[in-house]
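Got your viewer open? Let's take a walk through this one together, one selection at a time.

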Amino acid sequence: MTDQSTVQTLSRDDRPTWPAVRCGFRGKCPNCGKGKLLHSYLKVNDACADCGEAFVHHRADDGPAYLTILIVGHLFAPLLHIVFVQFRQDPLTLFAIFALGCLSLSLYLLPRLKGVVVAYQWARRMHGFGNDD
């Protein structure tokens, strides 16, 4: 026999967070998973072309940039130290390699993390995303 207070059931209004975040990382609509979330690199579409979900409520601001810096910094700072200590390359060579790596990873992650932030806000009904339902 199960206790009804411990059984969690999803109501019609619940929005699962992780599927929405995965869709946001792929740049897809967190509601239907088909329409594009972003256009022209970092601009969020006003609404999904497939399901019509409005995205004008998002407030991503500087969050994606901070997350990008956090991830890239935590990956490349220890790696730079290890490579410098182990291989003793010329500093200019290290700078060139790591600058290119940091730039490439940052440009890759920035739009994906913006999609994650917008999708998370949609899933948690933040900043007006829950008022239109």
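Leaving aside its neighbours within four places in sequence, which residues is Lys28 in contact with? Select Lys28 and look around: the list is Cys23, Gly33, Lys34, Gly35 and Leu37. Keep in mind as you click that this is a predicted model.

**Stop 1: Lys28 and its loop**

Lys28 sits in the loop between helix 1 (17–26) and strand 1 (38–39). Its relative accessible area is 29%, so Lys28 counts as partly exposed. Now add Gly115 to your selection. Lys28 and Gly115 are 87 residues apart in sequence, yet their C-alpha atoms are 7.8 Å apart in space.

**Stop 2: zoom out**

Switch to a cartoon view of the protein. You should find 3 helices and 2 strands. Start at the N terminus and follow the chain: the elements come in the order α-β-β-α-α. Now think about how the chain folds back on itself. Take the contacts between residues at least 6 apart in sequence: 59% of them join residues at least 24 apart.

Try a surface view next. About 9100 Å² is exposed, and carbon and sulfur atoms supply 61% of that area. As for what is hidden, buried residues make up 32% of the 133 residues.

**Stop 3: inside, the nonpolar cores**

Select Ala20, Leu37, Val44, Phe55, Val118 and Trp122. These are the residues with the most contacts inside the largest nonpolar core, which has 14 residues. Which helix gives the largest share of this core? It's helix 3 (residues 91–123), with 5 residues.

There is also a second, separate core of 7 residues, and Phe76, Val83, Phe98 and Leu113 are among them. Give it another colour if you like.

Now pick out Val44 from the largest core. Not counting residues up to four places away in sequence, what does Val44 touch? Its partners are Leu37, Leu38, His39, Phe55, His58, Lys114 and Val118.

**Stop 4: helix 2, buried side and partly exposed side**

Move to helix 2 (residues 63–87), where you'll find Leu75. Thr68 lies in helix 2 as well. Is Thr68 buried or exposed? It's buried, because its relative accessible area is 5% and the cut-off for buried is under 20%. Show what is around it: beyond residues up to four places away in sequence, Thr68 touches Ser106, Leu109, Leu110 and Leu113.

Next, select Ile71, another residue of helix 2. Ile71 is partly exposed, at 32% relative accessible area. Leaving out residues up to four places away in sequence, Ile71 touches Leu109 and Leu113. If you draw a distance line from Ile71 to Ser106, C-alpha to C-alpha, it comes to 8.9 Å, for two residues 35 apart along the chain.

Keep Ile71 selected and add Leu67, Leu70 and Leu75. Together, these four form a nonpolar patch on the surface, with about 320 Å² of accessible area. Leu75 has 48% relative accessibility, so it counts as partly exposed.

**Stop 5: two loop residues with positive phi**

Two loop residues deserve a look at their backbone angles. Select Asp61, in the loop between strand 2 (43–44) and helix 2. What is phi of Asp61 near? It's near 45 degrees, a positive value in a residue other than glycine. Asp61 is exposed, at 65% relative accessibility.

Then hop to Arg88, in the loop between helix 2 and helix 3. Phi of Arg88 is near 50 degrees, again positive in a residue other than glycine. Arg88 is exposed too, at 57% relative accessibility.

**Stop 6: the cysteines**

Finish with some sulfur atoms. A disulfide is a covalent bond between the sulfur atoms of two cysteines. How many disulfides does the count come to here? It comes to 0. Select Cys48 to see one example: the nearest cysteine sulfur, that of Cys51, is 3.6 Å away, and Cys48 is in no disulfide. The reason is the cut-off, because a disulfide needs the two sulfur atoms to be within 2.5 Å.

Cys48 is buried, with a relative accessible area of 5%. Select Cys102 as your last click: this one is partly exposed, at 26%.

Conventions:
Residues numbered from 1 in each chain as written. Predicted model: local features only at pLDDT ≥ 70, side-chain atom pairs only at ≥ 80, totals over all residues. Heavy atoms only, no water. Patch = residues over 30% accessible without salt bridge, like charges linked within 9 Å, V, L, I, M, F, W, Y side chains within 5 Å. Areas by Shrake-Rupley, 256 points an atom, 1.4 Å probe, with all protein chains shown as cover. Salt bridge = Lys/Arg side-chain N within 4 Å of Asp/Glu carboxyl O. Helix = DSSP H or I, 4+ residues; strand = E, 2+ residues; numbered from the N terminus. Buried < 20%, exposed > 50% of the residue type's maximum accessible area, 1.4 Å probe, protein only. Core = buried A, V, L, I, M, F, W, Y, C linked by side-chain atoms within 4.5 Å. Contact = heavy atoms within 4.5 Å.
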